[in-house]
Amino acid sequence: MNTCQRLSVFGIVLAGIFGIGIGAGAMLGPPASAKEVMAPAPMGEGVVSTKDGYRFVPATGQLDAAGGTFHFVIEGPRGAPVLDFTPEHEKDLHFILVNRDLTVFHHLHPTRAANGRWSIDLPALPPGSYRAVADFHVAHGPHLALGTDLSVAGDYIPTALAEPDTTSRVDGYEITMQTDAREGGEVKIALIVSKDGHVITDLQPYLGAFGHLVAMHSGDLVYAHVHPDDYLDGTVHFDAELSSEGRYGLFFDFKHGDIVHTATFTFDQGLVTGAPMMNDH
Ligand SMILES: [Cu+2]
């Protein structure tokens, strides 16, 4: 990217960090119908269960293949459950559950009891190893993505992730993806949702955005939650930071007809070259 674009991205990231909000972001970026400031990436990347004294403590490491209610607690630095969160995209906590093959994906929103215990009803799950990621922002504290490994007992049947493709189908929708990999691991992603050959231009806001994209790196299950920075003429634009080379599962949640749908893509990130983006940490 050129210096001007780099400064623009830096400005947008700064705007997110300092909470300047949509006004400053809109000044720095191109005009858009639904401009949204990129939030800084949460720390922890969904791999570690402990960061900055905060811990993701599951009630069990074993999930039931038939589904059921899963409980956990986010413990603070003094060992007590965290009770005060700053909502991100209308929710205090985003819960992502994927299997190691990246062929099962759920993005759910648990509820919190007064004592800080979280509960979420899980659907039936095929046997295998799973990673749960809790993405949350502690009030007056850090924005974290903590992960924990879980398993579902039973006969595990390995399933390979699909080969990379620019088209995905779900619930009668066809979703096409264009990607543009830049230096430092930045990837511009454009998604178009169609049905019966017509581009859908009336996607509904879902949790404060016109779509949510989660990227999981195959192998280590490093997590990136990316929000759109633009929705224009039926195209949802994302700006993702995929700083490891290799294969990713991309999971795109969008809302249409009052129903949330999830399209899945496989994306191969090439060798990451050039200067890292300024918001790396
Ligand atoms: Cu969420």
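1. The hairpin of E19 and E20. Gly-257 takes a positive phi near 60° in this hairpin, which has 2 residues between the strands. This is a predicted model, and the turn is a good place to start reading it. Strand E19 covers residues 246-256 and strand E20 covers residues 259-269. The two run antiparallel and are joined by 11 bridges. Within that ladder, Phe-252 has Ala-263 in E20 as its bridge partner.

2. Confidence. Mean pLDDT for the protein is 84. A value of 70 or more is reached by 82% of the residues. The N-terminal stretch needs a caveat: over residues 1-38, pLDDT stays under 50. The model still has 53 contacts beyond four places in sequence for those residues. Where pLDDT is low, the predicted coordinates should not be read in detail. I would treat the contacts of residues 1-38 accordingly.

3. Overall make-up. The protein has 20 strands and 2 helices. Of its 281 residues, 33% are buried. Take the contacts between residues at least 6 apart in sequence: 65% of them join residues at least 24 apart.

4. The five-stranded sheet. One open sheet has 5 strands in the order E1-E2-E4-E8-E7, with antiparallel pairing. Its edge strands are E1 (50-51) and E7 (111-112), each of which pairs on one side only. E1 is joined to E2 (residues 54-58) by 2 bridges. Here Lys-51 stands opposite Tyr-54. E1 and E2 form a hairpin with 2 residues between them. In that turn, Asp-52 has a positive phi of about 55°. On its way into the sheet, E2 is joined to E4 by 4 bridges, again antiparallel. Phe-56 stands opposite Ile-74 in E4.

5. The nonpolar core. The largest such core has 56 residues. Those with the most contacts inside it are Ala-134, Leu-213, Ala-215, Tyr-223 and Ala-240. Leaving aside residues up to four places away in sequence, Ala-134 touches Phe-56, Ile-74, Leu-93, Phe-95 and Leu-146. Two of these names return from the previous point: Phe-56 and Ile-74 stand opposite each other across E2 and E4. In soluble globular proteins, nonpolar side chains tend to be buried together.

6. Positive phi outside glycine. Most residues other than glycine have a negative phi. Which way do His-89 and Leu-221 go? His-89 has a positive phi of about 50°, and Leu-221 has a positive phi of about 55°. Both sit in loops. His-89 lies between strand E4 (68-75) and strand E5 (93-99). Leu-221 lies between strand E15 (212-217) and strand E16 (223-226). Their surroundings are classed separately. His-89 is partly exposed because it has 16 C-beta neighbours inside 10 Å. Leu-221 has 22 such neighbours and so counts as buried. I would inspect the backbone at both sites.

7. His-137. Strand E9 (residues 128-137) contains this residue. Is His-137 buried, exposed or partly exposed? It has 18 C-beta neighbours inside 10 Å, so it counts as partly exposed. Beyond four places in sequence, His-137 touches Phe-85, Thr-86, Glu-88 and His-143. His-94 is 43 residues away from His-137 in sequence, and the two C-alpha atoms are 9.9 Å apart.

8. Ala-160. The loop between strand E10 (143-152) and strand E11 (167-170) holds Ala-160. It counts as exposed because it has 9 C-beta neighbours inside 10 Å. How far apart are Ala-160 and Asp-101 in space? Their C-alpha atoms are 6.4 Å apart, with their positions 59 residues apart in sequence numbering.

Conventions: Residues are numbered from 1 along each chain as its sequence is written. This is a predicted model: local features need pLDDT of at least 70, side-chain atom pairs count only at pLDDT 80 or more; totals for chains, interfaces and linings use all residues. A residue is buried if 20 or more other C-beta atoms lie within 10 Å of its own, exposed if 12 or fewer, and partly exposed in between; C-beta atoms are placed from the backbone. Two residues are in contact if their C-beta atoms, placed from the backbone, lie within 7 Å. Two strands pair if DSSP finds at least two bridges between them. A nonpolar core is a set of buried Ala, Val, Leu, Ile, Met, Phe, Trp, Tyr and Cys residues joined through C-beta atoms within 7 Å. pLDDT is the predictor's confidence in each residue, from 0 to 100.
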